[in-house]
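Reader: I am new to protein structures, and I would like to learn how the descriptive words are justified. Could you take me through some of them?

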Amino acid sequence: MNANYKACLEACFTCLEACNICFHACLKEEHPEKMTKCIELDRECADFCSLAIASMQRSSAFVKEIVSICATVCEACGYECKKHDHEHCQKCADICFQCAEECRKLTA
């Protein structure tokens, strides 16, 4: 595995966890139907982080493309989470933006 992936791997692991926590917490909110887009993007983001992790772990030929898409999805999730006042959403948003930044570093 490429040593240059370390920071991005760590960010993706952290983001995957934050999105799963946010997803689960959104489902337990008083009106989860108002959280639909957040829930959907949490799942999407977690899935892309998982794919990015796997691609980096096996030094895939498509790492740059995968982390580029992962950054885009992380940003979308971050912007959606920022719209909600719940602590789990705000924390998830911050982590998503950090992950997007680390992913973009690999595409430069």
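Reader: Which ring does the charged end of R43 sit over?

Author: The ring is that of F23, and the charged end of R43 is 5.2 Å from its centre. The limit for that distance is 6 Å, so 5.2 Å passes. Please keep in mind that this is a predicted model.

Reader: Thanks! Why is E80 called buried?

Author: Its relative accessible area is 7%. Buried means under 20%, so E80 earns the word. E80 lies in helix α3, which covers residues 63-82. Leaving aside neighbours within four places in sequence, E80 is in contact with K37, C38 and L41.

Reader: What makes K64 partly exposed?

Author: K64 has 47% relative accessibility. That value falls between the limits of 20% and 50%, so K64 is called partly exposed. K64 is in helix α3 too. If neighbours up to four places away are set aside, K64 is in contact with L106, T107 and A108. From K64 to A52 there are 12 residues in sequence and 9.2 Å in space, C-alpha to C-alpha.

Reader: And how do you know that K28 is exposed?

Author: Exposed means over 50%, and K28 has a relative accessible area of 63%, so the word fits. K28 is found in the loop between α1 and α2. Between the C-alpha atoms of K28 and L106, which are 78 residues apart in sequence, there are 36 Å.

Reader: How do you know that the span of α2 agrees with what is expected?

Author: Helix α2 has 22 residues, which at 1.5 Å a residue should span 32 Å. The end C-alpha atoms of α2 are 32 Å apart, so the two values agree. Helix α1, residues 6-27, gives a similar check: it has 22 residues and reaches 32 Å, close to the 32 Å expected.

Reader: Which residues of α1 and α2 are buried, and what covers them?

Author: In α1 they are C8, L9, A11, C12, C15, A18, C19, C22 and C26. Their cover includes α2 (36-57), α3 and α4 (87-107). In α2 the buried residues include C38, I39, L41, D42 and C45. The buried residues of α2 pack against α1, α3 and α4.

Reader: With those cysteines in mind, how many disulfides does a search of the whole structure find?

Author: The search finds zero disulfides. C8 is in none, and the nearest cysteine sulfur, that of C103, is 3.6 Å away.

Reader: Why is the sulfur of C103 too far from that of C8 for a bond?

Author: A disulfide needs two cysteine sulfur atoms within 2.5 Å. The sulfur of C103 is 3.6 Å from the one in C8, so the pair does not qualify. Both residues do meet the limit for buried, which is under 20%: C8 has a relative accessible area of 1%, and C103 has 0% relative accessibility.

Reader: Which residues have the most contacts inside the largest nonpolar core?

Author: They are C12, C15, C45, M56 and C74, in a core of 38 residues. Each of α1, α2, α3 and α4 supplies at least two residues of this core. As for C74, not counting residues up to four places away in sequence, it touches C15, C45, C49, C96, C99 and A100. There is a wider pattern here: in soluble globular proteins, nonpolar side chains tend to be buried together.

Reader: What is the phi of S59, the residue that follows α2?

Author: The phi of S59 is positive, about 50°, although S59 is not a glycine. S59 is in the loop between α2 and α3. The C-alpha atoms of S59 and Y5 are separated by 9.2 Å, with their positions 54 residues apart along the chain.

Reader: Let me try the last one. Why does S59 count as partly exposed?

Author: The value to use is 36% relative accessibility. Buried would need under 20% and exposed would need over 50%. At 36%, S59 meets neither limit, so it counts as partly exposed.

Note on methods. Residues numbered from 1 in each chain as written. Predicted model: local features only at pLDDT ≥ 70, side-chain atom pairs only at ≥ 80, totals over all residues. Heavy atoms only, no water. Helix = DSSP H or I, 4+ residues; strand = E, 2+ residues; numbered from the N terminus. Buried < 20%, exposed > 50% of the residue type's maximum accessible area, 1.4 Å probe, protein only. Contact = heavy atoms within 4.5 Å. Expected span 1.5 Å × (residues − 1). Core = buried A, V, L, I, M, F, W, Y, C linked by side-chain atoms within 4.5 Å. Lys NZ or Arg CZ within 6 Å of the ring centre and 35° of its normal.
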